[in-house]
Amino acid sequence: MTTSAPTMTRRLTIRPEFAQLAAIADWVKDFVRAARLPCERLFAIQLCVEEAVANIIMHSDAAEHDDDIAVELAHGQNHVLATIADRGDQFDPTGSRVFRKPASIDEAAAGHFGIHLMRSFADEMRYERRDGWNRLTLRFGPGQGP
């Protein structure tokens, strides 16, 4: 992931609780406005960050261990990087199987679209596990989205 130096960076630390998703939505909106980004970026960034955090809350043990989730947004010359970090179970969403469109309504199941949405709305997705932390980094360029 090659990027230029960020011109604006903000960090938010939240509890692993679903009630925090509303705070994330407002925080991302404030970031996008402050960075004077096109409103098309707001939806993509907000959706992906909320999906990543919701997955941590639902599927990791972060809540059981009372571990916070850190979200960082960095605006560069022509991109935004969103990094979501947690100390929960190790999980690499980039290695998750690619979404397969259901052949029928009977095959379709609710949920399990979060990683597919992140892949669809972010230009790049990178994962690393370092020093007990999961770090998911999503890159949004000027023309991201399906």
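Is the crossing of helix 2 and helix 3 left-handed or right-handed? I opened the notebook with that one, and the crossing came out left-handed. A reminder to myself before going on: this is a predicted model.

**Entry 1: getting my bearings**

I listed the secondary structure and found three helices and five strands. Read from the N terminus, the order of the elements is β-α-α-β-β-α-β-β. I then looked up burial for the whole protein, and 43% of its 146 residues count as buried. I also checked how far along the chain the contacts reach. Taking contacts between residues at least 6 apart in sequence, 69% join residues at least 24 apart.

**Entry 2: helix 2 with helix 3**

Back to my opening pair. Helix 2 covers residues 39-59 and helix 3 covers residues 114-121; their axes come within 9 Å and cross at roughly 150°. Angles over 145 degrees count as roughly antiparallel, so helix 2 is roughly antiparallel to helix 3. Next I wrote down who makes the contact. Helix 2 brings Phe43, Ala44, Leu47, Cys48, Glu51, Ala52 and Asn55, and helix 3 brings Gly114, Ile115, Leu117, Met118 and Phe121. I sorted these residues by type and got nine nonpolar, two polar and one charged.

**Entry 3: helix 1 with helix 2**

I turned to the other helix pair. The axes of helix 1 (residues 20-34) and helix 2 come within 10 Å, again with a crossing of roughly 150°. That angle makes helix 1 roughly antiparallel to helix 2. Here the crossing is right-handed. From helix 1 I noted Leu21, Ile24, Ala25, Val28, Lys29 and Val32, which meet Leu42, Ile45, Gln46, Val49, Glu50, Val53 and Ala54 in helix 2. By type, the residues of this contact are 10 nonpolar, one polar and two charged.

**Entry 4: around Phe113**

Where does Phe113 sit? I found Phe113 in the loop between strand 3 and helix 3. Its relative accessible area is 31%, so I put Phe113 down as partly exposed. I also looked up its separation from Glu51: the two are 62 residues apart in sequence, and their C-alpha atoms are 9.1 Å apart in space. Glu51 had already turned up in my notes, among the helix 2 residues that contact helix 3.

**Entry 5: strand 5 and its partners**

How many residues of strand 5 are buried? Strand 5 spans residues 133-140, and six of its eight residues are buried, which leaves the strand mostly covered. I followed its pairing with strand 3 (residues 80-86), which is antiparallel over seven bridges. In strand 5, Asn134 stands opposite Asp86. Strand 4 (residues 124-130) also runs antiparallel to strand 5, and seven bridges join the two. There I marked Met125 opposite Leu138 of strand 5. The hairpin of strand 4 and strand 5 has two residues between the strands, and I noted that Asp131 has a positive phi there, near 55°.

**Entry 6: just past strand 5**

Is Gly141 buried or exposed? Gly141 lies in the segment after strand 5. Its relative accessibility is 1%, so Gly141 counts as buried. I checked His79 as well: it is 62 residues from Gly141 along the chain, with 4.5 Å between their C-alpha atoms. Leaving out residues up to four places away in sequence, Gly141 touches Arg41, Asn78, His79 and Asp123.

Note on methods. Residues numbered from 1 in each chain as written. Predicted model: local features only at pLDDT ≥ 70, side-chain atom pairs only at ≥ 80, totals over all residues. Heavy atoms only, no water. Axes fitted to C-alpha atoms, helices over the stretch in contact; angles between N-to-C directions. Helix = DSSP H or I, 4+ residues; strand = E, 2+ residues; numbered from the N terminus. Parallel < 35°, antiparallel > 145°, perpendicular 65-115°, else oblique. Left-handed = near helix turned anticlockwise from the far one by under 90°. Contact = heavy atoms within 4.5 Å. Nonpolar A, V, L, I, M, F, W, Y, C, P; charged D, E, K, R; others polar. Buried < 20%, exposed > 50% of the residue type's maximum accessible area, 1.4 Å probe, protein only. Pairing = 2+ DSSP bridges.
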